[in-house]
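Please look over the sequence and the model shown below before reading on. The report that follows takes up the core, the chain as a whole and one sheet.

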Amino acid sequence: MFWKLNNLSYSSSPSPIESILDKENFTLEELLEEEDIIQECKALNSRLINFLKDKTQVEKLLRYIIEESSEDADSERTFKFPFVSCEIFTCEVDVILKTLVEEEELIDLLFSFLEPTRPHSASLAGYFSKVVTCLMMRKTIPLMNYVQAHQYVFQQLVDLIGITSIMEVLVRLVGADDHIYPNSTDVMQWLADSNLLEMIVDKLSPSNPSEVHANAAETLCTITRSAPSPLASKLSSSSFVARIFGHALEDSHSKSGLVHSLSVCISLLDPNRSPPSFLFHSFRGQHYYESTVQVNQETVGAMLPKLGDLLILLNVSLDEKVLPTTYGQLKPPLGKHRLKIVEFIAVLLKTGNEIAEQELISSGTIQRVLDLFFEYPYNNALHHHVESIIVSILESKNNIIIDHLFRECGLLKKILQTDKCPILSGEIDQPTLAAARRNAPRVGNLGHVTRIANKITQLGNNDICIQTHIQESSEWNEWQTTVLQERNIVENVYRWACGRPSALHDRNRDSDEDDIHDTDYDVAALANNLSQAFRYSIYDNDEGNENLDRDDEVYFDDESAEVVISSLGLGDDQGSLFTNSNWFAFQNDNVGEDDAPINATSSNGGIGTGTGNGNDISDDEVMVGEDESVPNGTSDSNPHPFGQDNEEKVANFRNRFNTDDGENYEIEGESLTNGTLSSDSGSGSTERSQKSNGATALFEEDVEFVGVEVEGTEKAIDQALKQNGAVKKED
């Protein structure tokens, strides 16, 4: 059914906003209560805009945004008015924003939200952030001139940096969001000359809560990614690096300050690194490691004196924490701070700084990190970072650090030992312990061990130093030629016959959807047959469908056909409902010799067939086709059961039929009951033809459904026929 809403169109009913504006005296609150006010602002309703641009109204809107409502205020004052007021400003109507920035009292009122004496709820902070961001985008110069004239604004923003919405305002004001505005260079230089960076870095102090650490670190990392800029250059100086490390190591018990301070240092070493990404990416078993990063050597040099202090934190023997796990317990767990230290070392080695490499060797950091790899065999993030460290060392041009990796650290020996006994060690002095009274589980770092071994083999073919260390170990050479090669063959996904292509020319195929093109059926033809089947026009000639009054057409394109194929399991080797590629092969046979319209009859005025006295009437019977003499059957014909006016509509249903339990259709005198034809001859009593195995179903004669059960097909067609408005006999 389709509703006609001609009398309810938008043009014929006035907007509630217009009704309010037509009043002699109305208030801002009346407008804010209406749902259409935001839409009217976006549509630039002149009368509404002229009212809202007034200084008094702008001030009221600002107060709804920055002032908390009283405890006894209603929900509209508490929630709706602040939200709608914010949305009015963010509609970016120029005259309203112009009133705001040109009136100093109003912009003072806006930034008074930052005063420490005011409450700073998360919702109001979000509204404040949206309004200031809108001014940054549309009224940049007036806003920046105001901030430069009132430098205390930055101090207030930094004090509230723990609120994420305020942090976003600060990031935009320092120009670190890729938003370039006029005279931005001068503003950035002015910010670099101020004490803004010092204030932000000092928020990394252990005395501040973790949310302050997180937002301060995010702001500093964003500044590093804006390089080259005066602020980024100042932040990467040795004095600021030392200041950041000072806060990181100020209190060993403050893990949050350490983690976020190291995040800033990592961003200084690799500005393009976005946490929590890893140092390499894997695609189909092929690993692409990030290239060496270019960094200011002064920045690296300022970090080296603190490596010894970081190494102390990697010692887990003094930590008494215990974390139960499914495989046993961690005593102690690795923790975020140790994981962040390992990540920092991985990025530091990516710089290729020889002084840093020498410092890592002398402090024993590399050996300690490698020990952590085997002490925590189920920490996948740790394994990623340690693998990156090993790859950076193997690709280094400094033979000293390579020798250190193979000799002092004993990399080959540790790999062979882990592969020989891949079971979790039961030693009580290890941090990872198996559960009591259970078999020790298999260690979880064998995949990384295999990749590291393959990397050693690969680089050993071209590097004399690595090749020398490999040749010195006969056990390694034997393991490499036997165990490692066999494992690589087994783990080669291109050799797996799990439904994916195994031929060499098919290796570039990355989707199961590509396999559909290898099947033996024609998708385009199948789509066409599907469209015909569900449109129920397969028995019509070209003229029969021209006047078909249909609300919607069913159409199957190639993509839809592929979905049907996938859902029906076409092409499966194990068989499916449709096992023939030509499963919708429609024949050109017609129901009768002539293409005649449908005529439905009923002795009592209904639709159906029955005896002459009308006592034996079946439910849901439709007459279709021409009169033919079939034994044991009679019919009474009423050519216009719906009246003369509906004759044309009835004619449109010719050759559309279906069978279902309890339904009987007739083809102008031929009665169809459950797929069996019968007709009337004379005025005698009618005996219904029952469906039998010997009788030929109409669908089996005219449609070839290869591999389809007749009963299921009949029910499916009946369902579609009812949806397309087939006329059924009423009781």
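Which residues touch the most other members of the largest nonpolar core?

## The nonpolar core

In this predicted model, the largest nonpolar core holds 151 residues, and those that touch the most other members are I37, F89, F111, F344 and I456. Helix α9, which spans residues 122–138, gives the most to this core, contributing 9 residues.

For F111, one of the residues named above, the contacts can be listed individually: leaving aside residues up to four places away in sequence, F111 touches F128, V132, L143, Y146, V153 and Q156.

## The chain as a whole

The protein chain contains 34 helices and 11 strands, and of its 731 residues 47% count as buried. Among the contacts with a separation of 6 or more, 70% are made by residues 24 or more positions apart.

The area that the protein chain exposes comes to about 37,800 Å², and carbon and sulfur atoms supply 47% of that area.

## A sheet of 3 strands

One open sheet is built from 3 strands in the order β3-β4-β5, and the pairing within this sheet is antiparallel. Because β3 (323–324) and β5 (432–434) stand at the edges and each has a single partner strand, one side of each is left without a neighbour in the sheet.

Strand β4, made up of residues 328–330, pairs with β5 in the antiparallel sense over 3 bridges, and in this arrangement Q329 stands opposite L433 in β5.

Conventions. Residues numbered from 1 in each chain as written. Predicted model: local features only at pLDDT ≥ 70, side-chain atom pairs only at ≥ 80, totals over all residues. Heavy atoms only, no water. Helix = DSSP H or I, 4+ residues; strand = E, 2+ residues; numbered from the N terminus. Buried < 20%, exposed > 50% of the residue type's maximum accessible area, 1.4 Å probe, protein only. Contact = heavy atoms within 4.5 Å. Areas by Shrake-Rupley, 256 points an atom, 1.4 Å probe, with all protein chains shown as cover. Pairing = 2+ DSSP bridges. Core = buried A, V, L, I, M, F, W, Y, C linked by side-chain atoms within 4.5 Å.
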